[in-house]
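The following exercises introduce a structure step by step. Please work through each task before reading its solution.

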Amino acid sequence: MMAMAGVGMVGKRFQIARQLHRTAHSIVVLAYDTWDDQMVVIKWLAPTRFSMPFTQAIRAFRREIEIVRRLSELEPDTAGWRRFPLLITTGRDRLGYYYVQRYLPGQTLAEILAAGRPDDAIQIAINLCWTLRILHAYGIIHGDLHPQNIIVGMRGEVALIDFGLSRYRYQVAPELSGVGRPQYTPPEQLYGQPLDERSDLFALSQVLQQLLAVEQLPPSTQRLIVRMGEPLLNRRERSLAALQAELENLQPPAIQLPPQWLRNGLVIASIIVIVLFFLAFPLR
């Protein structure tokens, strides 16, 4: 595994399984936590000649760890789903600085879209809006929102990963100037300007236009999505709550099941009726 050759255990705790990604700035691997019996993700700072200078890379990596640590304080939802990575530990070995986070189960949105638009696309879009709103409520701008960095659970839950380009609202980060993925990176980020929530909404607009059949949405919903992708910052739509509300209105009404006690009672009553029938009309 490239630079991972010969690395079996990390910190006498984590058993390397396989390499997940190699970027210009880092190496990311899947590993097994022998202490807590769970899968984890380890990310090393490993700049290449295509990366930023090492001192700047260190600064960005420390900021990333700080943001992941802060998001780790958030409790999972009632079903146990985490919308953001959970930081386990940090360290340094012969490969360099690293941090370990809990593995988030699911597929990337990129993997899902490769097979076509999913049936629960609206639900995924609603959960993506909600997760992004939570992130922004903590004053954090993701800075690298695209389908590969969006994890989708079995019930349409959404989690965000990879905070390597993240920063706090209006935080100056000169080492990240011009860094971003084409199509999803807003102009102000490419020019090294401070970012706010609208910068993530530019990327969100591009993601939603892949996820949803936008042309089939109500005109008001279409306008919100298109305006979020406006290149000029002062003309860009900023109401993520409004978009989430519009999408929620497109959801079919949930089927209301009878309470569990009533369902159990109906089952028992059905069994009694069947038994009485066979007692009254025994088979010959």
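**Exercise 1.** Determine which residue in β6 stands opposite R92, and describe how the strands concerned are paired.

*Solution.* R92 stands opposite Y97 in β6. Likewise, D93 faces G96 of β6. Six bridges join β5 to β6 (residues 96-102), and the two run antiparallel; strands count as paired if DSSP finds at least two bridges between them. Two residues lie between β5 and β6, which form a hairpin. Strands here are DSSP runs (E, at least two residues) and helices are runs of H or I with at least four, numbered from the N terminus.

The model is predicted: local features need pLDDT of at least 70, side-chain atom pairs count only at pLDDT 80 or more, and totals for chains, interfaces and linings use all residues. Residues are numbered from 1 along each chain as its sequence is written, and side-chain values use heavy atoms, with hydrogens and water left out.

**Exercise 2.** Place β6 within its sheet, and state how it is surrounded.

*Solution.* Begin with the other partner: β4 (residues 38-45) pairs with β6 through five bridges in the antiparallel sense. In this pairing, V40 has R102 of β6 as its bridge partner. Next, extend the view to the open sheet, whose six strands follow the order β1-β2-β3-β4-β6-β5 with antiparallel pairing. The edges are held by β1 (9-10) and β5 (87-93), each with a single partner strand, so one side of each has no neighbour in the sheet. Finally, five of the seven residues of β6 are buried (under 20% relative accessible area, 1.4 Å probe, protein chains only), so β6 is largely enclosed by the rest of the structure.

**Exercise 3.** Identify the residues that touch the most other members of the largest nonpolar core, and state which element gives the largest share.

*Solution.* A nonpolar core is a set of buried Ala, Val, Leu, Ile, Met, Phe, Trp, Tyr and Cys residues joined through side-chain atoms within 4.5 Å. The largest has 54 residues, and I150, L160, L204, L211, L212 and L243 touch the most other members. Elements giving two or more residues include α1 (54-71), β9 (150-152) and α7 (240-249). The largest share, 10 residues, comes from α3. A second core of 12 residues lies apart, with F14, I27, V29 and A46 among them.

**Exercise 4.** State what fraction of the protein chain is buried.

*Solution.* Of the 284 residues in the protein chain, 46% are buried. The chain has eight helices and 11 strands.

Terms used
Buried < 20%, exposed > 50% of the residue type's maximum accessible area, 1.4 Å probe, protein only.
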